[in-house]
Amino acid sequence: MKPYADNVVIELEPLETMSAGGLHLPQTARQGARGSRYARVLASGPGHRRQRSAGANGTQDGVFVPNETKPGDRVLVDSLAGQACEAEMSMTRHNKGGNFGDTRIVRESEILAILNES
């Protein structure tokens, strides 16, 4: 899958099943919660053109803004960001239920942070 413009294909990481104190988190409590989620970038578009106001001839040519994300980046997004998509990847998924393998298409501007991996 090759995203267009400033779109980014991400796969949400599974939600925690246990709290820091060792309590089991029920499915309903985890899904409805508003907050942020970690994700992996699967593919990133080339970028977009920033629009300028129309000139005398009616054209809108702006500066090209390349995407900063790249495949493999770990990012932080809003839990409700983007559009869910059914992506056919090369590897068969054995776990289609639950929160595993949630693939979404988000705009790069919806990504809250790119996390540094050490």
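Two strands count as paired if DSSP finds at least two bridges between them. Keep that in mind while touring this predicted model.

**Whole chain.** Begin with the cartoon view. The secondary structure consists of 1 helix and 8 strands, and along the sequence the pattern reads β-α-β-β-β-β-β-β-β. Of the 118 residues, 29% are buried. The accessible surface is about 8,300 Å², and carbon and sulfur atoms account for 51% of that surface. Among contacts with a separation of 6 or more, 73% are between residues 24 or more positions apart.

**The sheet.** Next, colour the strands. An open sheet is formed by 6 strands, in the order S6-S7-S1-S2-S5-S8, with antiparallel pairing. Strands S6 (83–84) and S8 (111–115) are at the edges; each has a single partner strand, so one side of each lacks a neighbour in the sheet.

**From the S6 edge inward.** Select residues 83–84 together with residues 102–107, which are strand S7. S6 and S7 are antiparallel and pair over 2 bridges. Look at Ala84: opposite this residue, in S7, is Arg104. Now add S1, which pairs with S7 in the antiparallel sense over 6 bridges. Here Leu12 has Asp102 of S7 as its bridge partner.

**Strand S1.** Select residues 7–12 alone and show side chains. Are the residues of S1 buried or exposed? In this strand 6 of the 6 residues are buried, so S1 is largely enclosed by the rest of the structure. Asn7, Val9 and Glu11 point one way, while Val8, Ile10 and Leu12 point the other way.

**On to S2.** Add residues 36–44, strand S2, which runs antiparallel to S1 and is joined to S1 by 5 bridges. One place to check is Val9, whose bridge partner in S2 is Ala43.

**The core.** Select Val8, Ile10, Leu12, Ala39, Val41, Val75, Val77, Ala81, Val106 and Ile111, and show them as spheres; these 10 residues make up the largest nonpolar core. At least two residues of this core come from each of S1, S2 and strand S5 (74–78). Which strand gives the most to this core? That is S1, with 3 residues.

**Last stop: Ala39.** Keep Ala39, a member of the core, and display its surroundings. Leaving aside residues up to four places away in sequence, Ala39 touches Ile10, Glu11, Leu12 and Glu13, as well as Asp73, Arg74 and Val75. Of these contacts, Ile10, Leu12 and Val75 also belong to the core.

Terms used. Residues are numbered from 1 along each chain as its sequence is written. This is a predicted model: local features need pLDDT of at least 70, side-chain atom pairs count only at pLDDT 80 or more; totals for chains, interfaces and linings use all residues. Side-chain values use heavy atoms; hydrogens and water are left out. Helices (H or I, at least four residues) and strands (E, at least two) are DSSP runs, numbered from the N terminus. Buried means under 20% relative accessible area, exposed over 50%, partly exposed in between (1.4 Å probe, protein chains only). Contact means heavy atoms within 4.5 Å. Accessible areas come from the Shrake-Rupley method with a 1.4 Å probe; for residues, only the protein chains shown count as cover. A nonpolar core is a set of buried Ala, Val, Leu, Ile, Met, Phe, Trp, Tyr and Cys residues joined through side-chain atoms within 4.5 Å.
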